[in-house]
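Subject: Structure handover and notes

Dear colleague,

I am passing on the structure below, and my notes on it follow directly after. Please read them with the model open beside you.

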Amino acid sequence: DLRTTMTLVTAGTAVPSTARYCMGMGTVMLNGFTFKTTTCLLYLFQGWVLDTQGKYAGACVGTFFAGMATQVILLIRRLVTQHQERAQAAAGRLASIPEMVLNSVLLGLGVTLGYWLMLVVMFYDATLFHMVVFGVFAGHLGCAFLERYLAARRRRLGA
């Protein structure tokens, strides 16, 4: 078998290719969803090749938290908007430029992170796909509990 005879020479030591985590310089799209591939993945940016189990595990954890972060950004934007609208109504004014800039920055962050997660899904790596889904789910659930807590607190304080 050609794969078993190929070796990688690093720092003067030959490592059989079967001992490597994956092969190749990194690809951005597999041929259909798979849980395990021998092809290295290029994770979003040039040089971020998932060529070890540790890097792959780090990408899974990072992807999960990025999914959660999309929901946190949505919650922050919603809370900021609600606060701004109350302040504007109380003062009888329109949104100020800093308020509009803040809303636009939060929107831009959410959209950017969402597109990055879309690109992760397009790797067709089933584990990373599940990390996106579970991260968004966990973030949504956590934010729902936080919103519920904040609403109950506002009612208790009479605000």
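Directly after helix α2 comes Gly 92, and the phi angle of this glycine is positive, near 60 degrees. Please keep in mind throughout that this is a predicted model, and that what I report here was computed from it.

Helix α2 itself covers residues 53-91, and its length can be checked simply: at 1.5 Å a residue its 39 residues should span 57 Å, and since the C-alpha atoms at its ends are 56 Å apart, the two values agree. Helix α3, which comprises residues 97-121, has an axis that comes within 9 Å of the axis of α2, and the two cross at roughly 160 degrees. Angles over 145 degrees count as roughly antiparallel, and α2 and α3 are therefore described as roughly antiparallel to each other. The handedness of the crossing between α2 and α3 is left-handed.

As for the overall layout, the protein chain contains four helices and five strands, and read from the N terminus its elements follow the order α-β-β-β-β-β-α-α-α. The chain has 159 residues, of which 25% are buried.

The structure holds one disulfide, which joins Cys 22 and Cys 40, with their sulfur atoms 1.8 Å apart. The torsion about this S-S bond between Cys 22 and Cys 40 is about 95 degrees, so the disulfide is right-handed. Cys 22 sits in the loop between β2 (13-16) and β3 (23-27), whereas Cys 40 belongs to strand β4 (residues 39-42), so the pair ties together parts that are 18 residues apart in sequence. Both ends of the bond fall below the cut-off for burial, which is under 20% relative accessible area: Cys 22 is buried at 3% relative accessibility, and Cys 40 is buried with a relative accessible area of 1%. Two further cysteines may be worth a look in the same context, namely Cys 60, which is buried with a relative accessible area of 9%, and Cys 143, which counts as buried at 8%.

Turning to the aromatic residues, a search of the whole structure finds five aromatic pairs. One of them is made by Tyr 43 and Trp 48, whose ring centres are 6.5 Å apart and whose planes stand at 10 degrees, so the pair is stacked. The two partners do not fall into one accessibility class, because Tyr 43 has a relative accessibility of 10% and counts as buried, while Trp 48, with a relative accessible area of 45%, is partly exposed. Another aromatic pair, formed by Phe 64 and Phe 65, is edge-to-face, with 5.5 Å from centre to centre and 80 degrees between the planes. In addition, Tyr 43 and Trp 48 belong to one aromatic cluster together with Phe 45, Trp 116 and Phe 123.

Finally, I would point you to Val 133, which lies in helix α4 (residues 126-157) and which, at 38% relative accessibility, counts as partly exposed. Val 133 and Gly 67 are 66 residues apart in sequence, yet their C-alpha atoms are 7.1 Å apart in space.

With kind regards

Notes
Residues numbered from 1 in each chain as written. Predicted model: local features only at pLDDT ≥ 70, side-chain atom pairs only at ≥ 80, totals over all residues. Heavy atoms only, no water. Phe/Tyr/Trp six-rings, centres within 6.5 Å; stacked < 30°, edge-to-face > 60°. Buried < 20%, exposed > 50% of the residue type's maximum accessible area, 1.4 Å probe, protein only. Disulfide = S-S within 2.5 Å. Expected span 1.5 Å × (residues − 1). Axes fitted to C-alpha atoms, helices over the stretch in contact; angles between N-to-C directions. Parallel < 35°, antiparallel > 145°, perpendicular 65-115°, else oblique. Left-handed = near helix turned anticlockwise from the far one by under 90°.
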